[in-house]
Amino acid sequence: MNKINNILSTTVLFLTFLGQGFSQTNRVIEVFPEGTVLHGNINYANDTLQKHLLDIYLPPKVSGKIPLVVFVHGGGWLVNDKYADIGYMKKTVAEIISKGFALASIDYRFATQGVFPAQIQDCNRAVSFLVDNADTYGFDKDRIAVMGFSAGGHLASLMGLSKNNDIPDFFVPETTKAFDFKAVVDFYGPAELILFPGANDAKSPEALLIGAPPLDRPDLAKMASPVTYVDEKDPPFLIVHGEKDDLVSPRQSQLLSSWLTVNGVENELIVVKDAPHFGEMFDVGPIRTKVIAFLQRHL
């Protein structure tokens, strides 16, 4: 239990390291290759919420329409922002741009601002905005992947798995649904909320997400769990998890991979030896090579 709740203090410290609050100055732009084109702090929901902002990073030199990677940050559904995971995935992010992909990093409401499905609604609404404005930014709306980290891995998986199920509650009415995800990259994301040791704790991040302890409301936990939506029509997955992750157990990713395999969905699970929940151990050459090759193959 204490380990699960430690995600809050850990991610808050990490956020402090990166810089507090919301800023109109992009604090990670130096990570990107020289000449990267930034469209920053775009409101994707036509409102005034700071959690409805996204940043678009475009390669310096491109010809034709660009494949798009949607980047979803982690933070236990309670902290962090669209800059957070970029800070320790510097080389991977830079190579995504260098290889000719666009990257859109999105914010979404915390569980303290709106219980689930507010988060998946925001994520899908951000993608709807990107699709609606594909011609403006040069995206190929038929080549979209989603990549997420921790809570963002949960949301990225949920986006990819639930899209073909057409869940009305996962979309804001009258927003574009005319898109599909060609690939999902899931870094250590929760897949089944009931698996958490804190599933009976009303103060756990997963309980705050759905508004009740998962064991008290298995119906809500099921609705918010990516494995619920696995079927044979889902996009391919690349799943990466730390062997010594004590915040989100590797069993979460093992379960997701098994469900995908049972349903005949292409997937690969990489368990990183001795790695914790997040950090620079995931921004190393062998993993980066896998990520880029996966994106190139499917986009």
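Here is an informal exchange about a predicted model and the labels used for its parts.

Reader: What makes strand β3 count as largely enclosed by the rest of the structure?

Author: The cut-off for buried is under 20% relative accessible area. In β3, residues 66-72, 7 of the 7 residues are buried, so the strand is largely enclosed. Both of its sides take part: Ile-66, Leu-68, Val-70 and Val-72 point one way, Pro-67, Val-69 and Phe-71 point the other way, and all are buried.

Reader: How do you know that β3 pairs with β5 and in which sense?

Author: Pairing takes at least two bridges between the strands. β3 and β5 (residues 139-149) have 6 bridges, in the parallel sense. As an example to look up, Val-72 has Gly-148 of β5 as its bridge partner.

Reader: And what makes β4 a partner of β3?

Author: That pair has 5 bridges, again set against a cut-off of at least two. It is parallel too, and Phe-71 is bridged to Ser-105 in β4. With helix α2 (residues 90-98), β3 and β4 make up a β-α-β unit that is right-handed.

Reader: Which residues touch the most other members of the largest nonpolar core?

Author: That core has 59 residues, and the ones you want are Leu-54, Ile-56, Val-70, Val-72, Leu-130, Phe-139 and Leu-256. Helix α3 (residues 118-132) gives the most to it, with 7 residues. For a close-up, take Ile-56: leaving aside residues up to four places away in sequence, its contacts include Val-37, Leu-38, Ile-42, Leu-103, Leu-130 and Phe-139. There is also a second, separate core of 34 residues, with Val-69, Ile-96, Tyr-188 and Phe-294 among them.

Reader: How do you know that the buried residues of α8 line one face of the helix?

Author: Start with the list: Pro-250, Gln-252, Ser-253, Leu-256, Ser-257 and Leu-260 are buried in α8. Looking down the helix axis, they fall within an arc of 155°, so they line one face. Arg-251 and Val-262, on the other side of α8, are exposed. The general rule helps here: an α-helix has 3.6 residues a turn, so residues three or four places apart point the same way.

Reader: What do those buried residues of α8 pack against?

Author: They pack against α5 (151-162), β6 (183-187), β7 (237-242) and β8 (267-272). As for the helix itself, residues 250-262, its 13 residues reach 18 Å from first C-alpha to last, close to the 18 Å expected. After α8 comes Gly-264, with a positive phi near 75°.

Reader: Why is Asn-46 called exposed?

Author: Exposed starts at over 50%. Asn-46 has 77% relative accessibility, so it counts as exposed. You'll find Asn-46 in the loop between β1 (37-43) and β2 (53-58). Its phi is positive, near 60°, and the residue is not a glycine.

Reader: Why is Ser-150 called buried?

Author: Here the value is 6% relative accessibility, against a limit of under 20%, so Ser-150 counts as buried. Ser-150 sits in the loop between β5 and α5, and its phi is also positive, near 60°. As a general point, most residues other than glycine have a negative phi, and most peptide bonds are trans.

Reader: Which peptide bond is cis, with omega near 20°?

Author: The one from Phe-116 to Pro-117. Pro-117 lies in the loop between β4 and α3.

Definitions and conventions. Residues numbered from 1 in each chain as written. Predicted model: local features only at pLDDT ≥ 70, side-chain atom pairs only at ≥ 80, totals over all residues. Heavy atoms only, no water. Buried < 20%, exposed > 50% of the residue type's maximum accessible area, 1.4 Å probe, protein only. Helix = DSSP H or I, 4+ residues; strand = E, 2+ residues; numbered from the N terminus. Right-handed = clockwise from strand over helix to strand, strands pointing away. Core = buried A, V, L, I, M, F, W, Y, C linked by side-chain atoms within 4.5 Å. Contact = heavy atoms within 4.5 Å. Expected span 1.5 Å × (residues − 1). Arc of directions from axis to C-beta.
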